[in-house]
Amino acid sequence: MLIGQLAERTGTSERLLRYYERVGLLTSGRRANGYRDYDPAAERTVRQIRALLAAGLSTSLIRQVLPCGLADGSLRPCPGVLDKLRAQLGRLDRRAEELDEARQTLRRAIATTEQVE
């Protein structure tokens, strides 16, 4: 499929798709006219990339994770990947705790302000 078709199917801009290709997350062939030609599996790959980016993974880590991906969205064991995913989960957990503390502080500030009014 052409880049425009892949962009439409995945809700991703053509510019991002070219970036994913440039950093080694996505591959394409070339047609005789030089246009990019993506395999049907590219749609699943782009969705995986978007999900992993949303989880806070860097493109360099995603490049390591993608070859471990299975069709059902799960991962097969790959050397070093599980440790890196656990580390990212730890960072997300710490960030969630910080956000929870910030929410509590904001709630207290609102409650105090409402009492003064």
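1. Helices here are DSSP runs of type H or I with at least four residues, numbered from the N terminus. On that basis Glu 43 and Arg 47, which lie four residues apart in helix H3, are separated by about one helical turn. The model discussed in this note is a predicted one.

2. The side chains of Glu 43 and Arg 47 form a salt bridge, in which the closest N and O atoms are 3.1 Å apart. Glu 43 is partly exposed, with a relative accessible area of 21%, and Arg 47 also counts as partly exposed, at 42% relative accessibility. For Glu 43, the relevant cut-off is that buried means under 20% relative accessible area.

3. Helix H3 (residues 42-54) also packs against helix H1, their axes coming within 10 Å and crossing at roughly 50°. The two helices are therefore oblique to each other, and H1 passes H3 in a right-handed crossing. Leu 6, Arg 9 and Thr 10 of H1 make this contact with Ala 42, Glu 43, Val 46 and Arg 47 of H3, a set comprising three nonpolar, one polar and three charged residues.

4. A second packing partner of H1 (residues 3-10) is helix H2 (residues 14-22), with an angle of about 105° between them and axes 9 Å apart. Because angles of 65 to 115 degrees count as roughly perpendicular, H1 is described as roughly perpendicular to H2. On the H1 side the contact involves Ile 3, Gly 4, Leu 6 and Ala 7, which meet Glu 14, Leu 17 and Arg 18 in H2; by class, these residues are four nonpolar, one polar and two charged.

5. Glu 14 and Arg 18 also form a salt bridge with each other, the closest N and O atoms being 3.8 Å apart. Both residues lie in helix H2, four residues apart, or about one turn of the helix. Glu 14 is partly exposed at 36% relative accessible area, and Arg 18 is likewise partly exposed at 32%.

6. In helix H5 (residues 81-116), the side chains of Glu 98 and Arg 95 meet in a salt bridge, with an N to O distance of 3.4 Å. Being three residues apart, Glu 98 and Arg 95 are separated by about one helical turn. Glu 98 is partly exposed, with a relative accessible area of 45%, and Arg 95 counts as partly exposed at 44%.

7. Salt bridges that share partners join Arg 9, Glu 43 and Arg 47 into one network. The structure holds eight salt bridges, among them the Glu 43 to Arg 47 pair.

How values were computed. Residues are numbered from 1 along each chain as its sequence is written. This is a predicted model: local features need pLDDT of at least 70, side-chain atom pairs count only at pLDDT 80 or more; totals for chains, interfaces and linings use all residues. Side-chain values use heavy atoms; hydrogens and water are left out. Axes are lines fitted to C-alpha atoms, for helices over the stretch in contact, and angles run from 0 to 180 degrees between N-to-C directions. Angles under 35 degrees count as roughly parallel, over 145 as roughly antiparallel, 65 to 115 as roughly perpendicular and the rest as oblique. Contact means heavy atoms within 4.5 Å. Ala, Val, Leu, Ile, Met, Phe, Trp, Tyr, Cys and Pro count as nonpolar, Asp, Glu, Lys and Arg as charged, and the others, Gly among them, as polar. A crossing is left-handed if the near helix is turned anticlockwise from the far one by less than a right angle, and right-handed if clockwise. A salt bridge is a side-chain nitrogen of Lys or Arg within 4 Å of a carboxyl oxygen of Asp or Glu. Buried means under 20% relative accessible area, exposed over 50%, partly exposed in between (1.4 Å probe, protein chains only).
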